[in-house]
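How do two parts of one protein chain meet? Look at the model first, then follow the report below.

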Amino acid sequence: MKIKKVEAFVVSHELDEPFHFSQWEYQSRKICLVRVTSDDGTYGWGEGYGPAGMIKAGIEFFTPFIEGMNPLEHETVWQEMYSRSLDYARRGVMLAALSAVDIALWDIKGKHFGLPVSTLLGGRKSEYVQPYASGLYFSRHKDLAVKLADEAVMYKEQGFRGIKMKVGLGVATDLKHITAVRKAIGYDVELMIDSNHAYSLREAVDLCNRIEDMGISWFEEPVSPEHYDSYKQLREKTNIPVSGGECEYLRHGFFQLFNNNSVDIAQPDICAAGGITEVKKISAMANTFGVDLIPHTWGTGIAIHAAIHFLSNLDISQERMHRPIPWIELDRTENALRDILTEPLVSPNNGLIKVPEKPGLGVDVNMDMFEKYLINDQADF
Ligand code: CA
């Protein structure tokens with residue numbers, strides 16, 4: 001079996017209502033997908049997380065080196081891509097390109113053997129994953145606290161057992177928003193906060209001191225991902241679990257987070273940190289250090305399905321009869337690329353998602369929708 005064709009595509013959805021977090025405003029969602037086809041016609045889909053046009057260029061860079069290789073030997077292909085980019089791309093979008101191809105190879109491998117990716121990974125330790133609603137972004141609403149509280153109540157009513165909200169507008173404003181959301185949803189729904197590294201250590205400590213008794217399940221990216229020691233110091237000053245790693249890459253990057261005692265929860269993105277192949281290795285290391293792992297997940301049904309299979313196979317450190325169901329991040333912002341580009345639709349039932357048993361990732365692209373959202377002819381990042 002040989003890799004015959006590697007095709008990278010950029011799909012884009014212009015948003016009806018722009019949204020923003022502590023760093024940037026978004027007017028559209030652009031995502032790079034890859035379709036790898038083998039000489040027997042079996043194809044697999046993958047996805048990269050990051051600037052779509054640059055990831056597409058990265059995939060096109062790798063393509064001549066991996067065409068003709070055996071798609072079932074995903075570690076061999078991974079090593080080829082890694083070796084070809086190591087000298088100038090130890091972090092960042094080239095690794096998102098590598099990740100996208102790696103995910104497509106797992107999809108091919110599953111289809112070839114007629115097995116779901118979770119089985120290829122070693123089996124399902126959990127039959128279900130538990131989505132938390134990732135939303136509560138900032139908008140130009142005149143009373144944002146009310147808008148955020150209403151949105152959180154909507155997720156609760158939809159059956160979500162956890163909700164993550166954005167912070168990073170300043171400690172006083174954040175406190176007002178968190179208080180409003182917690183009051184609206186009560187304490188039977190888990191609440192997480194995410195500042196997208198908006199704060200200095202001093203500001204992050206200040207915010208933690210003010211919300212210590214509000215039952216926050218984790219504080220995500222409180223400070224710059226460059227400041228491993230600030231993460232560690234924050235953990236020493238608060239009881240709120242600290243999470244991070246969506247801007248981290250490869251086992252080598254995560255080793256720094258683990259070895260510095262920087263996080264309670266590591267959050268690699270499977271579509272950026274090195275694909276399913278590498279994040280499985282990162283998860284083994286997290287387990288060794290006693291750190292929890294809940295991937296950052298963002299994008300289309302391809303990214304979500306990769307995360308579902310990965311999470312179902314995740315090692316669980318705490319041996320006990322009643323194990324927690326793994327969390328999966330489920331972005332709730334407006335995104336047609338998540339909702340109608342791929343099939344089947346990812347839809348939680350009673351707050352849970354059953355791990356699919358179809359071969360491969362168990363997801364396919366709707367080609368009518370694909371044609372609608374494809375912007376391949378534009379040099380658009
Ligand atoms: Ca985040």
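Four salt bridges cross the interface of domain 1 and domain 2 in this predicted model. In one salt bridge, Glu-75 pairs with Lys-281. Their closest N and O atoms are 3.8 Å apart. Polar contacts add to the picture: 26 residue pairs are in polar contact between domain 1 and domain 2.

Which elements supply the side of domain 1 that touches domain 2? Strands S1 (3-20), S2 (25-38) and S3 (43-48) each supply at least two residues. So do helices H2 (74-85), H3 (93-113) and H13 (367-373). H3 gives the most, with eleven residues. By type, the residues on this side are 20 nonpolar, 13 polar and 13 charged.

Now the domains themselves. The domain assignment gives domain 1 in two stretches, 3-114 and 366-375. Domain 2 covers 118-365.

| Feature of domain 1 and domain 2 | Value |
|---|---|
| Distance between C-alpha centres | 22 Å |
| Residues of domain 1 in contact with domain 2 | 46 residues |
| Residues of domain 2 in contact with domain 1 | 55 residues |
| Area buried between the domains | about 4300 Å² |

Why quote an area at all? The size of an interface is often given as the accessible area lost when the parts come together. Here, carbon and sulfur atoms give 63% of the buried area. In domain 1, Arg-29, Tyr-49 and Trp-106 lose the most area to domain 2. Together they account for 17% of what the domain 1 side buries.

Key: Residues numbered from 1 in each chain as written. Predicted model: local features only at pLDDT ≥ 70, side-chain atom pairs only at ≥ 80, totals over all residues. Heavy atoms only, no water. Domains from an automatic or database assignment. Contact = heavy atoms within 4.5 Å. Buried area = accessible area lost by both parts, 1.4 Å probe. Salt bridge = Lys/Arg side-chain N within 4 Å of Asp/Glu carboxyl O. Polar contact = N/O pair within 3.5 Å; in protein donor to acceptor, adjacent residues only side chain to side chain. Helix = DSSP H or I, 4+ residues; strand = E, 2+ residues; numbered from the N terminus. Nonpolar A, V, L, I, M, F, W, Y, C, P; charged D, E, K, R; others polar.
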